[in-house]
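Here's a walk through one protein chain and the ligand that comes with it. Have the structure open beside you as you read.

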Amino acid sequence: MPPLQEVLYSSLLAPDQSTRVVGQIVTRARARNQQEGITGLLVFDGLRFCHHFEGAPPAVGALLDRLQADRRHVDLRVLYAGPLATRRYQRFEMGLAEVDDHEDLADLQALEGSAALAHFIALRSRFDISG
Ligand SMILES: Cc1cc2nc3c(=O)[nH]c(=O)nc-3n(C[C@H](O)[C@H](O)[C@H](O)COP(=O)(O)O)c2cc1C
């Protein structure tokens, strides 16, 4: 099995961006992630993003570089990054969950490392995921 890596980060929609940009991001990301072997889930609460993704280390590193340069969001914080034995998202090149409750992602952003990852994974079961 080739090695895998996973990353969980949070960020904020840039103040000059409309929430409509999220649809564009997701459509484009689905095609691109399929090419790059990236799977994952993006959660958006109208203000904050939380994105968990996985893939081969070079593809994951390249995506993180592109994300860090993307001005459609700000205040990107990597909450967790580490090696992974098997994919957590078999089905989604990019799942999207839009949530109404701001507290979920705000709480998550206050955590770090494996505590943040565990919290996100526990939240996942409550999200209504479209993919
Ligand atoms: C919150 C957020 C999530 C994103 N997720 C992805 C992603 O999963 N895959 C991806 O390729 N690009 C994603 N992007 C876009 C990248 O930052 C970047 O614009 C894009 O990868 C550039 O690729 P392109 O030149 O093929 O459009 C995301 C952007 C934002 C703001």
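## The overall layout

The protein is built from four helices and six strands. This is a predicted model, and going along the sequence the elements run in the pattern β-α-β-β-α-β-β-α-α-β.

How sure is the predictor? The average pLDDT for the protein is 92, and 96% of the residues score at least 70. Helix α2 has the highest confidence, with a mean of 98, while strand β6 (residues 129–130) has the lowest, with a mean of 66.

On overall shape, the C-alpha trace spans about 40 × 30 × 25 Å along its principal axes. A compact globule with 131 residues would have a radius of gyration near 14 Å, and the protein has 14 Å, so the two agree. Of those 131 residues, 30% are buried. If you look at contacts with a separation of 6 or more, residues 24 or more positions apart account for 80% of them.

## The nonpolar core

Which residues touch the most other members of the largest nonpolar core? This core has 23 residues, and the answer is Leu8, Leu42, Cys50, Ala116 and Phe120. The elements that put in two or more residues each are β1 (4–13), β2 (39–44), β3, α2, α3 (102–109) and α4 (113–124).

Leu8 is a good place to start clicking. Not counting residues up to four places away in sequence, Leu8 touches His52, Leu79, Tyr80, Ala116, Leu117 and Phe120. Two of these partners, Ala116 and Phe120, are also on the list of core residues that touch the most other members.

## Around the ligand

Now move over to the ligand. It is surrounded by 18 residues, and the closest are Ala29, Arg32, Arg66, Asp70 and His73. Three elements give two or more residues to this shell: α1 (21–36), β3 (48–55) and α2 (57–68). Helix α1 supplies the largest share, with five residues. Sorted by class, the shell has nine nonpolar, four polar and five charged residues.

## A few residues up close

Several individual residues are worth a look, starting with their positions relative to residues elsewhere in the chain. Here are four pairs, with C-alpha to C-alpha distances.

| Pair | Apart in sequence | C-alpha separation |
|---|---|---|
| Glu112 and Leu79 | 33 residues | 5.0 Å |
| Val26 and Leu96 | 70 residues | 7.5 Å |
| Leu13 and Arg71 | 58 residues | 9.0 Å |
| Ala59 and Leu12 | 47 residues | 23 Å |

Take Glu112 to begin with. You'll find Glu112 in the loop between α3 and α4. Is Glu112 buried or exposed? Glu112 counts as exposed because there are 12 C-beta neighbours inside 10 Å.

Val26 sits in helix α1. Val26 has 18 other C-beta atoms within 10 Å, so this residue is partly exposed. Apart from neighbours within four places in sequence, Val26 is in contact with Leu42, Met94 and Leu96. Leu42 is one you've met already, as one of the core residues that touch the most other members.

Leu13 belongs to strand β1. With 19 C-beta neighbours inside 10 Å, Leu13 counts as partly exposed; the cut-off for buried is 20 or more. Setting aside neighbours within four places in sequence, Leu13 contacts Thr19, Leu47, Phe49 and His73. That last partner, His73, is among the residues closest to the ligand.

Which residues does Ala59 contact, leaving aside neighbours within four places in sequence? They are Glu36, Gly37 and Ile38. Ala59 itself lies in helix α2, and 18 C-beta neighbours inside 10 Å make Ala59 partly exposed.

Finally, check the backbone at Asp75, which is in strand β4 (residues 73–84). Asp75 has a positive phi of about 55° even though it is not a glycine. As for its surroundings, Asp75 counts as exposed because it has 11 C-beta neighbours inside 10 Å.

Key. Residues numbered from 1 in each chain as written. Predicted model: local features only at pLDDT ≥ 70, side-chain atom pairs only at ≥ 80, totals over all residues. Near = placed C-beta within 6 Å. Nonpolar A, V, L, I, M, F, W, Y, C, P; charged D, E, K, R; others polar. pLDDT = per-residue confidence, 0-100. Core = buried A, V, L, I, M, F, W, Y, C linked by C-beta atoms within 7 Å. Contact = placed C-beta atoms within 7 Å. Rg over C-alpha atoms; globule rule 2.2 N^0.38 Å.
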